[in-house]
Amino acid sequence: MVNLTIDDKQVTAPKNATIYEAAKINGIKIPILCHDKKLKPFGACRMCLVEVEQMKGRQIPACTTPVTDGMIIRTSTPDIIKARKMVLELLLLNHPIDCPVCDKGGDCDLQNLTYEYQVNANRFSDEKFHHEIDYSNPLIERDMNRCVLCGKCARICDEIVSFGALTFISRGIETKIGCEFEGALNCEFCGSCVSVCPVGSLLARPFKYKARFWALTNHKSVCSYCGTGCNLTLGVKDNKVLTTVYDENQGFHNGQLCCRGRFGYQFINSDKRLTTPLVRKNGVLTEAGWDEALELVASRLKGSGASAAALSTPRLANEELVLFKKLMETAGSANYDHSAGYAHAALTEGFARSFGATASPATIPDIQKSDLLLVIKTDSYETHPVVGFEINMAVKNKGAKLNILSDKRGKLSKLPDATTLVHTPGCEVAVINAMAKAILDEKLAAGSAAAIPGYADLEKALAGFTPDAVAGQSGLSAAAIRQFATDYAKAGKALIIFPIGNAYPGHNADLASAVANLAILTGKFGEGSGVLCMAEKNNSQGAVDMGFYATSGLNAGQIIDGCASGAIKTLFIAGENPVVSYPNRAAVTAALDKVEFLVVSDLFMTETAAMADVVLPACSFAEKEGTFTSVDRRVQHIKPAIGKIGKSRTDFEIFGTLIAKLGGQAPATPAAVFGEIAASVPGYAGMSYASLGEVGAFAPVIVKATFVAPKAAVVEPVAGKLALVTGSVLYHNGTLSQFGEGPMYVCPEGYVELSRGDAAKLKIEENDLLNVASATGSTKLKARITPRMPEGVLFSPYHFGAAGINQVWSGAPVTWVTVTK
Amino acid sequence: MSEAVAQQAEEQETEVDLSIADKVIDKYIDLPGNLMPVLQGVQDAYGYIPRKVADHVAERLNVYPSQIYGVLTFYAQFHLKPRGRFIIRVCVGTACHVSGAPRIVETFFDKLHIGHAETTPDLRYTFEKVACLGACGMAPLAMVNDDTFGKMTVQRVDEIIAEYNKRPMK
């Protein structure tokens with residue numbers, strides 16, 4: 001800490017603080033335009049000029065000048081105010097000053113500072129800019145006429161997003177912000193540039209002319225797409241969520257969001273929302289009252305026992321999942337599950353046996369504290385983009401080493417000093433086992449490892465996984481595998497990150513145990529270390545914590561089979577869309593066709609809901625209260641931001657009413673259920689809505705380490721066929737994002753991605769319609785030719801109903817397919 | 001923007017031999033801070049920097065394409081359009097201006113049917129006004145590649161063009 005004087009006030013500040021930061025900590029406001037706490041100091045706008053007594057005669061930018069002991073700073077002398085006024089006059093010189101029609105009005109730093117400094121006239125005059133406005137994409141409007149060249153957009157796109165879409169073009173008075181060759185913006189559309197723009201140069205188009213900024217009521221919430229648990233602020237007017245509002249002080253991510261988080265909110269007030277219960281009458285879904293619909297469901301569930309089953313989306317709140325489980329138990333059935341039954345196995349089986357806990361012994365904030373990140377699949381960026389930002393920052397700002405093990409290259413591979421080992425699809429578990437073997441062979445294991453249960457079995461089982469043996473099948477060199485093992489073992493703090501989800505069947509219990517073995521062998525736990533298993537949906541971790549998966553009953557796959565065989569007669573699906581998101585669409589559709597009675601509660605008439613006998617309109621996250629648990633077990637409280645849409649009811653109310661109709665007793669409020677959760681779920685003890693507050697709380701994970709003898713399924717190549725791997729695309733999460741306009745603008749349909757080499761061999765060009773066929777079925781998808789794919793491997797995202805890849809994909813980690821034009 | 005877009009469209013048509021760029025890139029690939037030498041090298045090789053080459057450099061060097069464009073537009077030494085075999089520079093600095101440089105510029109425009117920073121369709125000439133060539137004693141001054149023409153007159157414009165029309169293109 002250093003002592004200094006700011007505006008005649010004795011203050012202290014950390015010794016690495018800038019003058020701006022020191023003032024801010026001590027409640028003294030210095031105006032800024034180009035500075036952002038998330039970005040490196042830049043010093044472009046000169047609004048933050050201050051006087052420092054020791055540097056007499058000069059005006060010093062507060063945002064780039066570090067404090068020193070004894071500094072005497074004045075932030076608002078008449079000279080300084082005069083200088084700032086002139087800065088504003090110069091900034092306004094070429095600016096169009098079109099505030100009345102600018103969407104930034106009321107939230108504009110330039111406007112606010114002009115007002116604050118009373119710049120009511122300009123001593124200078126010059127021509128206005130005549131830059132063409134970029135309307136080429138539906139999400140981000142770029143009007144460079146309003147730009148003050150603070151560079152925040154270009155800097156955030158580089159420093160945090162690491163995409164680099166925007167840059168300074170030209171020089172001097174002609175300088176402007178733009179893309180390569182002055183082309184249209186063609187990026188990830190995360191909107192980070194929009195969020196930090198201090199003026200109206202970068203605007204969110206979906207919100208244009210929807211409301212003035214000051215007419216919005218802001219509601220804090222949590223994003224309902226992936227499991228990262230990003231905090232959102234919803235901008236609400238007239239019971240409509242009109243936008244997401246950037247708040248740089250919100251969450252571990254400082255308000256950073258991805259495309260779906262920022263631009264995917266439209267599903268909440270979508271015209272397509274279900275607004276009334278529907279009951280199938282004479283084969284047609286017909287509007288019905290809640291009483292009629294719920295009575296019908298209750299009569300089917302009552303006493304149904306093991307012939308009833310439930311599938312839930314892990315998007316429901318913890319409280320709702322607890323009630324759903326209670327409903328099934330009241331009906332006498334233990335058949336309930338989520339996420340296709342296998343997508344949670346890494347946690348519920350893998351970590352359960354390796355760590356004695358069904359959660360990750362690491363948190364997202366550990367990423368930036370780590371020395372080495374071992375990432376399994378470059379898809380980790382696409383599945384959890386804001387975690388991807390954390391990885392970018394760890395690598396670019398904190399100097400963490402990034403080692404990636406993947407079946408294809410990806411955005412993460414482009415980070416400085418990232419090493420990507422591209423292995424044959426389906427070989428990741430074998431490669432990780434080989435790393436464990438190399439750690440043992442090179443005596444890099446922690447001294448205490450031998451005392452951990454299962455060590456002898458591990459040693460024995462790893463004999464079959466020498467790097468040389470695995471090298472052949474994985475397509476990697478034994479030396480590369482050994483290097484990865486050495487890097488991991490020798491790093492001071494090392495964190496393993498991998499995604500799980502419906503589209504990643506290979507990221508199973510074996511993978512979880514294999515990476516757990518690595519961490520246990522080398523004792524890589526604690527701050528900046530551990531293993532972070534990133535579950536797909538906003539409350540996937542919560543669904544596991546609430547025990548909403550098969551323990552004594554049937555799992556999701558068996559439930560689908562049971563529907564097909566007739567063993568399951570009543571199926572209650574809440575929010576899940578198995579027709580699209582489970583593998584083998586034909587089999588799932590046949591099974592749902594066969595089941596006697598299908599109830600679906602959902603926001604939309606999904607492909608699955610369309611097959612139901614009763615459809616119940618449910619509420620979105622913006623209309624209900626409850627808690628979501630993120631991948632790193634941060635429990636966060638959400639509250640209603642808008643009233644319920646139409647006659648929709650929350651799943652909490654639906655399950656509660658049904659439990660009562662079955663003669664059971666359900667707690668009346670989510671808070672009461674959360675009380676039960678706090679009393680019964682390990683790690684949640686002591687939590688309450690009041691204690692969670694705005695920032696939430698981590699449910700701690702206590703590791704009881706055990707080595708698990710590794711297994712690895714061997715993927716046998718099929719001659720003449722290509723290996724299809726499924727996954728998530730950056731803009732989508734599950735099937736819900738199909739109802740978000742933003743994600744659908746950027747990525748409206750499925751596609752199949754292939755290498756340049758395969759494209760040349762098969763004479764395929766970009767956007768050619770390809771017939772992709774496997775033993776399971778076939779579909780037609782557009783071709784995308786990218787340099788990141790290795791030859792012989794195809795990638796296809798799984799989110800889409802139309803031409804869905806689950807017509808081809810068998811549910812195996814690798815599906816062997818043929819591709820024809 | 002429209003001009004750049006039109007240029008892009010034009011370039012889509014023409015094939016660019018990227019192996020020439022690869023040779024330059026291979027030479028500097030392990031050098032830290034290799035962007036400038038690579039861009040200078042490829043400009044020497046192609047005479048200018050075609051879009052496809054810029055994109056290729058971006059991919060090979062793992063630099064954002066936008067960053068490359070930023071560099072290309074920042075430095076006057078880089079050219080994004082094909083350049084003429086002969087670069088005619090006419091000084092319009094103070095000394096040349098008062099000795100009649102504007103009329104010399106106009107005469108070149110008329111004779112060559114191109115404007116400032118433009119290139120004749122046959123790629124023989126590129127014309128540029130420059131602020132000062134540093135030889136005010138010879139004002140008004142013109143240069144064609146490295147040849148200097150001091151005390152320029154409107155009449156000598158025809159002679160210069162006639163002379164360089166005779167020179168071979170390679």
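Trainee: How many residues of chain A are in contact with chain B?
Mentor: In this predicted model, 15 residues of chain A are in contact with 15 residues of chain B. To count as a contact, two residues need C-beta atoms within 7 Å.

Trainee: What makes up the side of chain A that touches chain B, by class?
Mentor: That side has seven nonpolar, three polar and five charged residues.

Trainee: Let's turn to the domains. Which residues of chain A belong to domain 1 and which to domain 2?
Mentor: The domain assignment gives 2-76 for domain 1 and 130-267 for domain 2. Their centres, taken over C-alpha atoms, are separated by 28 Å.

Trainee: How many residues of domain 1 of chain A are in contact with domain 2 of chain A?
Mentor: There are 10, and they meet 13 residues of domain 2 of chain A. By class, the domain 1 side has six nonpolar, no polar and four charged residues.

Trainee: Why are α18(A) and α20(A) called oblique to each other?
Mentor: Good one! Their axes cross at roughly 55°. Roughly parallel needs an angle under 35 degrees, and roughly perpendicular starts at 65. The crossing angle fits neither class, so the two helices are oblique to each other. The axes come within 7 Å, and the crossing is left-handed.

Trainee: Which residues of α18(A) make the contact?
Mentor: A:I560, A:C563 and A:A564 do, and on α20(A) their partners include A:V588 and A:K594.

Trainee: How do the residues of that contact divide by class?
Mentor: They divide into seven nonpolar, no polar and one charged. Lys counts as charged, so A:K594 is the charged one.

Methods: Residues are numbered from 1 along each chain as its sequence is written. Chains are lettered from A and ligands numbered from 1 in the order in which they are written. This is a predicted model: local features need pLDDT of at least 70, side-chain atom pairs count only at pLDDT 80 or more; totals for chains, interfaces and linings use all residues. Domain bounds come from an automatic or database domain assignment. Axes are lines fitted to C-alpha atoms, for helices over the stretch in contact, and angles run from 0 to 180 degrees between N-to-C directions. Helices (H or I, at least four residues) and strands (E, at least two) are DSSP runs, numbered from the N terminus. Angles under 35 degrees count as roughly parallel, over 145 as roughly antiparallel, 65 to 115 as roughly perpendicular and the rest as oblique. A crossing is left-handed if the near helix is turned anticlockwise from the far one by less than a right angle, and right-handed if clockwise.
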